[in-house]
Amino acid sequence: MRWTRLIALLSLVVTATAAILTLVSATPARRRHVAATSTATKVKRGEYLATVMGCNDCHTPGVLFGAPDFSRRLSGSELGWKGPWGVTFARNITPDLETGIGKWSEAEIVKTLRTGQRPDGSVLLPPMPYQDFAILTDQDAFAIAAYLKSIPPIQHRSPDRIPPGQEATGSILVFPAPGAWDAPRTPPPAGDKK
Ligand code: HEC
C-alpha cells in the first residue's frame with residue numbers, strides 16, 4: 001500500500017516537472033514566434049503604406065510611363081525632374097549597400113522621410129514630397145522603414161543630381177519656374193486673410 005502511494009506520488013512529481021520544463025522551454029519559442037509575427041505585421045503595414053503613398057510612382061522604373069517593373073521595385077529611376085532646383089532623380093531606396101540605402105538605420109530612414117534631411121545632413125530637393133510625410137506617426141514611419149529594409153536589394157545607381165544651369169541628357173521632365181497661382185507665397189500678400 002505504502003509502495004503504491006509512493007510510486008503514485010513519484011509519478012505525479014515526474015509529470016509535474018516534465019510539464020513545467022515543457023512550459024519553460026516553450027516560452028522563448030513562443031516569444032520568438034510572437035516577435036516574428038509582429039515584425040511580419042509591421043512589414044506588411046509598411047508595404048501597404050509605401051504603396052498607397054505613391055513611393056513606386058517615382059522610385060520604381062516604368063510606373064510613370066504606365067509600365068511598372070516591380071521586379072526592380074524601388075530601385076530608383078533615370079527620369080530627371082528639372083526645375084529651379086536643378087535636376088533630381090528618384091534614388092534607389094532598396095537595401096543595396098553600395099547603391100541603395102542599405103547602410104541607413106531605420107531611424108535614419110524615418111528622419112529622412114519626415115524632415116527631408118539625409119543622414120549626411122544634405123536636404124532633399126523636389127519632387128520628393130517629404131513635407132507630406134512629416135505627419136507620419138512613429139508606428140507608420142517605422143513600418144515603412146522596416147518594409148524598405150525587407151525588400152530585395154537591387155544594384156542600380158540613379159544619376160547624380162545636376163545643379164541649376166547645367167545641361168542634362170536623357171528623359172527629363174521640365175518644370176518651369178512657378179508663376180501666378182503656383183508661385184511661392186512667402187511673404188504672403190498684404191491684406192490676404194485666407
Ligand atoms: C513625386 C516623386 C516621389 C515620390 C512620390 C517619392 N519620392 Fe522619394 N525621392 C524622389 C526624388 C526625386 C528623390 C531625390 C531627391 C534629391 O536628389 O534631392 C527622392 C529621394 C528619396 C530618399 C533619399 C534617398 C537617398 O539616397 O538620398 C528616400 C529615402 C526616399 N526618397 C523615400 C521615399 C519613400 C519611402 C516614398 C514614399 C513614402 C517616396 N520617397 C516617395 C521622388 C519621390
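Q: How do the residues of the shell around the ligand divide into nonpolar, polar and charged?
A: Sorting a shell by residue type is a handy way in. In this predicted model, the shell around the ligand has 17 nonpolar residues, 4 polar ones and 4 charged ones.

Q: Which residues come nearest to the ligand?
A: Look for the names at the front of the shell. Of the 25 residues around the ligand, the nearest are Cys55, Cys58, Thr88, Leu125 and Met128.

Q: Which helix gives the largest share of that shell?
A: Here you trace shell residues back to their elements. The largest share comes from α2, with 4 residues. Both α2 (55-59) and α3 (106-115) supply at least two residues each.

Q: Where does Gln117 lie?
A: Gln117 sits in the loop that runs between α3 and α4 (130-133).

Q: Is Gln117 buried or exposed?
A: Try counting neighbours. Gln117 has 14 other C-beta atoms within 10 Å, so it falls in between and is partly exposed.

Q: What does Gln117 touch?
A: Leaving out residues up to four places away in sequence, Gln117 touches Lys111, Thr112 and Val123. You can also check a C-alpha separation: Gln117 and Tyr130 are 13 residues apart along the chain, and their C-alpha atoms are separated by 9.3 Å.

Q: What span should helix α5 have?
A: Use 1.5 Å a residue. Helix α5 (residues 138-150) has 13 residues and should span 18 Å; its end C-alpha atoms are 18 Å apart, so the two agree.

Q: And which residues of α5 are buried?
A: On α5, the buried residues are Ala141, Ala143, Ile144, Ala145, Ala146, Tyr147 and Leu148.

Methods. Residues numbered from 1 in each chain as written. Predicted model: local features only at pLDDT ≥ 70, side-chain atom pairs only at ≥ 80, totals over all residues. Near = placed C-beta within 6 Å. Nonpolar A, V, L, I, M, F, W, Y, C, P; charged D, E, K, R; others polar. Expected span 1.5 Å × (residues − 1). Buried ≥ 20, exposed ≤ 12 C-beta atoms within 10 Å, placed from the backbone. Contact = placed C-beta atoms within 7 Å.
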